[in-house]
Amino acid sequence: KRGFVARGIFGTEAFYRGEFDATGPVSENFAVKGGRLAYRLIGVYQWSDGFPRGNRSDRQGIYPMLSFAHGRTTMRLQGELYEQVIGGQSNGFFNREGTGLYIRPGGSREDAWKETWAEATFDRAKIRGSIQHDFGNGWNANLILSHSKTGRFDKDIRNTTVPNWNTMTLAQQYFINFTDSYYDAVSADVIGKYQLWGMEHESFFGANADSFDDFANGRVTRNLTPLSLLNPVLGRPKPTDEEMWAPNPVNSLNLGTGLSKYANLSYSHSVDLLPRKLSLVAGLGYNTVTAKDFAAPTTGGAHQETRPDEMTTRRLGLVYRPHERVSLFANNQTTFQPQNAQDFFGHQLKPTVGEVTDLGVKLSLPNEKIVGMVTFFRLQVTGLSVVDFAHPGFRVSSGQQVNDGIEVEFQLRPIRSLQIVATFYKGDIRDYYTGQQLDNSVNETASLVVRYDFKSGPLPGLVTTAGTSTTL
């Protein structure tokens, strides 16, 4: 059916977002008799002062799609053009008036002082094609191919070192950084549901491969007069391109290129051991990734560095339903996640590997008026990508951490138009070897969201949302 929806969203901190969604048929007999061709076009534009104020985030994107269906086969072709501009990002803290940044007395970490014009621009262009076929009898297959180009351009002020507490000054520099990358991926899977030995089974076979080509990286910096911590002078002008790219900059680096190739094969199987009472799921996966860095600047010349990693992952889970409204679950699995992020010197980060164990209970009342879930978990992870405080905007791999905690989520729907969602998380993120709690880690969060949909009356289709959250 042909349709068009426009939506406007307004919020605090000067948050504005507009969206449109248009869809409709193109032909009922495209190429072959019964071949249904349809389109969909989504557009988004958003601007916001951010929270805390000063963390500006503007976004715009357009997403076209064509779909073709004939018999049991559906094909889709999707596109994406997206840009996000982030301004005022920092590792510092706003003063009470919300007009500037300050460095906390005795602080040991580098805190950034930014101008309002400081910004980072991210852009992405993507095309994605997929084919889905239903073989009947509970079996279907999917094939997905995609190609995308992403870019990042930073232009702001960065600290060159930690504050000098003797002279009470902070050394800074104008900073330009640029990155362009290609990402190609292909994945295929086959899923089947069937009965065997009087029990319900589901099998999943999956394979995927991708390539991340970081083909252009570089930065230019130019020193500024050290900033006084006692009487900082902000409002420094935004440098022109001619000033930044003038001859003899303080530092100009070509960070070279990086190439990462990843492949995964997996199989998982679930079975109802006792109908609607006891279910078991188990799976195995093989993962391999090879990362190459070319011409990284720390060697003083061109070179090539290859770092292969591989891992076999597993999963085992159990769900028991003592009552039709109550589910008890337990799960243990290992993970292997390649990373496309790079450090300050252009090296691609090693994969993140880990193991997670969780135990929990889920409750659902009739008509889902109340749905609740409580989960106890233990997460052990190595190589997590974290902020590089010495080089804001870049990432480094962490060591090995462990997190023990609990997650709680409740959804209430007292009437059809009203939904209330409350969440709570409490963790304890520590270094695996020393037991020391990690700095800047989030160990407790809570949120409350209330949503009301106007189903009828003078404002049908209007949705209002209010929420609050806290982080410790």
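The following questions and answers explain how terms are applied to this predicted model.

The model is predicted, so local features need pLDDT of at least 70 and side-chain atom pairs count only at pLDDT 80 or more, while totals for chains, interfaces and linings use all residues. Residues are numbered from 1 along each chain as its sequence is written, and side-chain values use heavy atoms, with hydrogens and water left out.

Q: Why is the contact between E19 and R7 called a salt bridge?
A: A salt bridge is a side-chain nitrogen of Lys or Arg within 4 Å of a carboxyl oxygen of Asp or Glu. The closest N and O atoms of E19 and R7 are 2.5 Å apart, so the pair meets that definition. E19 lies in strand β2 (residues 15–27) and R7 in strand β1 (residues 3–11), so the bridge ties together parts 12 residues apart in sequence. Strands here are DSSP runs (E, at least two residues), numbered from the N terminus. By the salt-bridge rule the count comes to 12, and one network of such bridges links R7, R17 and E19.

Q: What makes E19 buried or exposed?
A: Buried means under 20% relative accessible area, exposed over 50%, and partly exposed in between, with a 1.4 Å probe and protein chains only. E19 has a relative accessible area of 18% and is therefore buried. Its partner R7, at 44%, counts as partly exposed.

Q: How do you know that K350 and D309 form a salt bridge?
A: The closest N and O atoms of K350 and D309 are 3.0 Å apart, and this satisfies the salt-bridge cut-off already given. K350 lies in the loop between β18 (326–337) and β19 (352–364) and D309 in strand β17, so the pair ties together parts that are 41 residues apart in sequence. K350 is partly exposed, with a relative accessible area of 43%.

Q: What makes K426 and E444 a salt-bridge pair?
A: Their side chains meet at 3.2 Å, N to O, so the definition is fulfilled. K426 belongs to strand β24 (residues 418–426) and E444 to strand β26 (residues 444–453), so the bridge joins parts 18 residues apart in sequence. K426, at 41% relative accessibility, counts as partly exposed, and E444 is partly exposed at 24%.

Q: How do you know which residues line the largest cavity?
A: On a 1 Å grid over the protein atoms alone, a cavity is a set of points where a 1.4 Å probe fits but cannot get out, and lining residues have an atom within 4 Å of a point. S260, V289, A291, R307, D309, P338, Q339, Q348, L349, K350 and P351 form the lining. Strands β16 (278–294) and β17 (304–323) each supply at least two of these residues. The count comes to one cavity of 30 Å³ or more, and the largest has a volume of about 80 Å³.

Q: Why is the group of M75, I131, L143, L145 and V186 called a nonpolar patch?
A: A patch is made of residues with over 30% relative accessible area and no salt bridge, with nonpolar side chains (Val, Leu, Ile, Met, Phe, Trp, Tyr) joined within 5 Å and like charges within 9 Å. V186, in strand β11 (residues 172–196), has 36% relative accessibility and counts as partly exposed. The five residues together have about 370 Å² of accessible area on the surface.

Notes
1 Å grid on protein atoms, 1.4 Å probe; cavity = no way out; pocket = protein on both sides within 12 Å on 5 of 7 lines; lining within 4 Å. Points joined across faces, edges and corners; volume = space filled by probe spheres on them. Helix = DSSP H or I, 4+ residues; strand = E, 2+ residues; numbered from the N terminus. Areas by Shrake-Rupley, 256 points an atom, 1.4 Å probe, with all protein chains shown as cover.
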